[in-house]
Amino acid sequence: MALQLRPGIAEIAPYVGGEASLPGVAQPAKLSSNENPLGPSPKAIAAFREASLDLHRYPDGGAERLRAGIARRFGLEAERIVCGNGSDELIALLSRAYAGPGDEVLFSRHGFLMYRLSTLAVGATPKAAPEKDLQSDVEALLAMVGPSTRILYLGNPNNPTGSYLTAAEVKELRRRLPAGVLLALDAAYAEYVEAPDYDAGEGLVRAGDNVVMLRTFSKIYGLAGLRLGWAYCPPGIADALNRVRGPFNTSAPAQAAALAALEDEAHEEKSRAHNRLWRDWLAGALTAAGYRVHPSVGNFLLVEFTDADAADVFLKSRGLIMRKMGGYGLPHCLRITIGSEAETRATAAALADFAGKPAAAQ
Ligand SMILES: Cc1ncc(COP(=O)(O)O)c(C=O)c1O
């Protein structure tokens, strides 16, 4: 008998990362993956170099020093933290530990794609709840909870929409979810959020045994290439993740660089201030040019177009690479990462020119 794939695997459309190159353009602006344009802290780079002297050694499988550093920095308990090869791996591990064939995993319609992919990978059934004006909708999510629901993934703030639920809304969502549903709060962009009514969810994790919070070093800490994410968990969930993860799932250089990045609070603040300034500037410039720009608390903007494909081609002709949104059910949008000042100004100028073209040419 021929090899047989497990049910669900063939349905997975492999995740496609942001485009990074353009033929004929030596140094395009890569604004397609929500990376930090300032790069990581120089202290993280130094720690990474230092770690390169010990590449013949296995990493600390428990990431003890890094977990202690995270606990110190955020006022958490180290034993409730589990590190992963990016928060992507932690999403995959949660799905593996808590869902399988016959189970349902819930998320909102324009939620981060890995929620769906990790669900299919374990043979469970993905369920997408409608959103209201590109915002996760607590009532719509709750209405889709059934006896087979095992996990609810909430991107908060969500990528690619940039919207968020307030601490009160998330608390209400948890209160009305059955105890047997794991609420996974994916707070990959938490460090960028300055809204006073936002909360990444540490308190909800501590309050019970069925909420987990995911964070990453890929965004504000500028270490996407090293792959380091972490989960703050109730003890039972930390235990489950430690059982299903690989023994050395995060590398030694990644652990060392992440720890140094955490300790450079000045670089983090500089990154936050850069993002605040240029995100708000770009949103203003694009709105003035006639575009609909969705409010974002992250390091990216979701922008609507009459013809997003034409806009993408035009932007690429100026060396600017954005993320197309067809895979997220938003084919009329592009997602624009906040880049350097020069990249942001070039984006605004290009889109002003594009808006100035006759509609037929767009
Ligand atoms: C909402 C969200 N969660 C998780 C991730 C994955 O991040 P990591 O690089 O830690 O795997 C991303 C990356 O874009 C994201 O946008």
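Trainee: What makes β12 and strand β13 (residues 333-337) count as paired strands?

Mentor: In this predicted model, 2 bridges join β12 to β13, and the two strands run antiparallel. Pairing requires at least two bridges between the strands, so the 2 bridges found here satisfy the criterion. Within this pair, Lys324 stands opposite Leu334 in β13.

Trainee: What makes β9 (292-294) and β12 (323-324) the edge strands?

Mentor: The open sheet in question has 4 strands in the order β9-β10-β13-β12, with antiparallel pairing. β9 and β12 each pair on one side only, and that is what marks them as edges.

Trainee: How do you know that strand β2 (residues 81-84) is covered on both faces?

Mentor: On one side lie Ile81 and Cys83, on the other Val82 and Gly84, and all of these residues are buried. The word "buried" here stands for a relative accessible area under 20%. β2 also pairs with strand β8 (residues 229-232) in the antiparallel sense over 4 bridges, and in that pairing Cys83 stands opposite Trp230.

Trainee: Which handedness does the β-α-β unit of β3, helix α4 (residues 113-121) and β4 have, and what makes it so?

Mentor: The unit is right-handed, because the path from the first strand over the helix to the second runs clockwise when the strands point away from the viewer. Its two strands, β3 (residues 104-108) and β4 (residues 125-129), run parallel and are joined by 5 bridges, with Ser108 standing opposite Ala129.

Trainee: How do you know that Thr216, by a polar side-chain atom, makes a polar contact with an oxygen atom of the ligand?

Mentor: A polar side-chain atom of Thr216 lies 2.5 Å from a ligand oxygen, and a polar contact needs a pair of N or O atoms within 3.5 Å, so the criterion is met. By the same cut-off, Lys219 qualifies through a side-chain N or O atom at 2.9 Å from a ligand oxygen, and Ser87 through a backbone N or O atom at 2.7 Å from one. Taken alone, the ligand exposes 400 Å², of which the protein buries 94%.

Trainee: Which helix gives the most to the shell around the ligand, and how do the residues of the shell divide?

Mentor: Helix α3 (residues 86-98) gives the most, with 3 residues, and the shell divides into 3 nonpolar, 5 polar and 4 charged residues. Among the surrounding residues are Phe112, Asn159, Asp186 and Arg227.

Trainee: Why is Arg227 called buried, partly exposed or exposed, whichever applies?

Mentor: Its relative accessible area is 26%, and because that value falls between the limits of 20% and 50%, Arg227 is partly exposed. Arg227 is found in the loop between β7 (211-216) and β8, and its phi is near 65 degrees, a positive value in a residue other than glycine.

Trainee: And why is Asn34 called buried?

Mentor: The relative accessible area of Asn34 is 0%, which is under 20%, and Asn34 is therefore buried. Asn34 sits in the loop between β1 (29-30) and α1 (42-51), and has a positive phi of about 55 degrees although it is not a glycine.

Trainee: What makes Leu185 count as buried?

Mentor: Leu185, which lies in strand β6 (residues 182-186), has a relative accessibility of 2%, so it falls under the 20% limit and counts as buried.

Note on methods:
Residues are numbered from 1 along each chain as its sequence is written. This is a predicted model: local features need pLDDT of at least 70, side-chain atom pairs count only at pLDDT 80 or more; totals for chains, interfaces and linings use all residues. Side-chain values use heavy atoms; hydrogens and water are left out. A residue is near a molecule or strand if one of its heavy atoms lies within 4 Å of it. A polar contact is a pair of N or O atoms within 3.5 Å; within protein, one must be able to donate a hydrogen and the other to accept it, and residues adjacent in sequence count only if both atoms are side-chain atoms. Accessible areas come from the Shrake-Rupley method with a 1.4 Å probe; for residues, only the protein chains shown count as cover. Ala, Val, Leu, Ile, Met, Phe, Trp, Tyr, Cys and Pro count as nonpolar, Asp, Glu, Lys and Arg as charged, and the others, Gly among them, as polar. Buried means under 20% relative accessible area, exposed over 50%, partly exposed in between (1.4 Å probe, protein chains only).
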